[in-house]
Amino acid sequence: MRLRNIPRADEIIAESSYVIQDAKTVRGAWKQAFGNDHPIHIEVGMGKGRFITQMAFDHPEINYVGIERYSSVLLRALEKRETMTELQNLFFLCIDARELPEIFAENEVERIYLNFSDPWPKDRHAKRRLPSREFLSRYDKILVPDGTVEFKTDNRGLFDFALEEVEPAGWILKACTFDLHHDGVLSEGNVMTEYEEKFSALGNPIHKMIVCREKNDPAQD
Ligand SMILES: C[S@@+](CC[C@H](N)C(=O)[O-])C[C@H]1O[C@@H](n2cnc3c(N)ncnc32)[C@H](O)[C@@H]1O
């Protein structure tokens, strides 16, 4: 998603207390940034922020960080955030997710959400796909040992690609559905993203997978 350039987006974001500026200085000190030791869940590529804002509202016992690389898009999330000043558990970052290991230390994140990630359909761009093995190795550096990555999309090609990446990356599939909205277990507590609402309204089934690192799956012991 890349919205038309919005004048002053960079300036508004740079002045917002809801956006962590200079995020690399917070590495290893996210608990202090939130002022408590609640678990940290992040969404990579949050777009306009509907999912993470709702999650933060529904789960005050979790700290959330929404990540989006385009300021014009993050501004939309910020507008939502500003109507919910009571939330104490949600910050945003305007960064490229390739920088994640420079921003979060080892074991600092418990869960990573990838929702309707850009498909990057050309083979030569596969490394840019957020569920690719290259990104899984970045997530490996910041997740707690039993941390998980949860990915959902209506794009079957991207989903199949993500499934094929799991094993070579040394991760394992904990859960998977090709029709989330009709899966009694995985749909429990599901919060729809902007893209999810749009594409499920067109009748597209939503696919979801949850993965964790092989070495830390209790079923492997
Ligand atoms: C297709 S949109 C989906 C937005 C939202 N998650 C949803 O489901 O409605 C994907 C978003 O991920 C962002 N994105 C893609 N790659 C990224 C990266 N490497 N770092 C940060 N954001 C990224 C894009 O800018 C875009 O806003």
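## Annotated sites, strands and aromatic pairs in a predicted model

In the unreviewed UniProt entry, an annotation "binding site" covers Glu43, Glu68, Asp96 and Asp118. Although these residues are spread over 76 residues of sequence, they cluster in space, with a largest C-alpha distance of 13.7 Å. The lining of the largest pocket includes Glu43, Glu68, Asp96 and Asp118. The structure discussed here is a predicted model, and the values below are computed from that model.

Two of these residues can be described further. Glu43 is found in strand 1. Its relative accessible area is 2%, so Glu43 counts as buried, the limit being under 20%. Leaving aside neighbours within four places in sequence, Glu43 is in contact with Phe51, Ile52, Val65, Gly66, Ile67, Tyr113 and Asn115. Asp118 lies in the loop between strand 4 and helix 6. With a relative accessible area of 35%, Asp118 is partly exposed.

### The second annotation

The unreviewed UniProt entry also has a "binding site" annotation that covers Lys122, Asp154, Thr193, Glu194, Tyr195 and Glu196. These residues are spread over 75 residues of sequence and are also spread in space, up to 24.9 Å between C-alpha atoms. Of these residues, the lining of the largest pocket includes Asp154, Thr193, Glu194 and Tyr195.

Asp154 sits in the loop between strand 5 (143-153) and helix 7 (156-166). Not counting residues up to four places away in sequence, Asp154 touches Phe116, Phe199, Asn204, Pro205, Ile206 and His207. Tyr195 belongs to helix 8 (residues 194-201). Tyr195 has a relative accessibility of 30% and therefore counts as partly exposed.

### Strands and helix 3

Strand 4 (residues 109-115) and strand 5 run parallel and are joined by 6 bridges. One residue of strand 4 has already been named as a contact of Glu43: Tyr113. The bridge partner of Tyr113 in strand 5 is Glu150. Of the 11 residues of strand 5, 9 are buried, so strand 5 is largely enclosed by the rest of the structure. In a regular strand, side chains alternate between the two faces of the sheet.

Helix 3 (residues 50-58) has Phe51, Ile52, Thr53, Met55 and Ala56 as its buried residues. Two of them, Phe51 and Ile52, are among the contacts of Glu43. The buried residues of helix 3 pack against strand 1 (40-44), strand 2 (63-67), helix 4 (71-82), strand 3 (90-93), strand 4 and strand 5.

### Aromatic pairs and charges over rings

The structure holds 8 aromatic pairs. In one of them, the rings of Trp30 and Phe34 have centres 6.3 Å apart and planes at 40°, so this pair is tilted. Trp30 and Phe34 are 4 residues apart in helix 2 (residues 30-34), which means that about one helical turn separates them. Trp30 is buried at 0% relative accessibility, and Phe34 is buried with a relative accessible area of 8%.

Another tilted pair is formed by Phe135 and Tyr139, at 6.1 Å centre to centre and 35° between the planes. Because Phe135 and Tyr139 are 4 residues apart in helix 6 (residues 133-142), they are separated by about one helical turn. Phe135 is buried, and so is Tyr139. Ring pairs also link Trp30 and Phe34 with Phe91 and Phe104 into a cluster.

Why does Gln32 count as exposed? Gln32 is also in helix 2, and its relative accessibility is 59%, so Gln32 falls in the exposed class, which is over 50%. The C-alpha atoms of Gln32 and Phe135, 103 residues apart along the chain, are separated by 26 Å.

Arginine side chains lie over aromatic rings at the places listed below.

| Arginine | Ring | Distance from the ring centre |
|---|---|---|
| Arg128 | Trp120 | 4.7 Å |
| Arg138 | Phe135 | 4.4 Å |

Phe135 thus appears both in the tilted pair with Tyr139 and under Arg138, which lies over the face of its ring.

Notes: Residues are numbered from 1 along each chain as its sequence is written. This is a predicted model: local features need pLDDT of at least 70, side-chain atom pairs count only at pLDDT 80 or more; totals for chains, interfaces and linings use all residues. Side-chain values use heavy atoms; hydrogens and water are left out. UniProt positions are given in the numbering used here, feature names are shortened, and annotations may be inferred rather than shown by experiment. On a 1 Å grid over the protein atoms alone, a cavity is a set of points where a 1.4 Å probe fits but cannot get out, and a pocket is an open set with protein on both sides within 12 Å along at least five of seven lines; lining residues have an atom within 4 Å of a point. Helices (H or I, at least four residues) and strands (E, at least two) are DSSP runs, numbered from the N terminus. Contact means heavy atoms within 4.5 Å. Buried means under 20% relative accessible area, exposed over 50%, partly exposed in between (1.4 Å probe, protein chains only). Rings of Phe, Tyr and Trp (its six-membered ring) pair if their centres lie within 6.5 Å; planes under 30 degrees apart count as stacked, over 60 as edge-to-face and the rest as tilted. A charge sits over a ring if NZ of Lys or CZ of Arg is within 6 Å of the ring centre and within 35 degrees of the ring normal. Two strands pair if DSSP finds at least two bridges between them.
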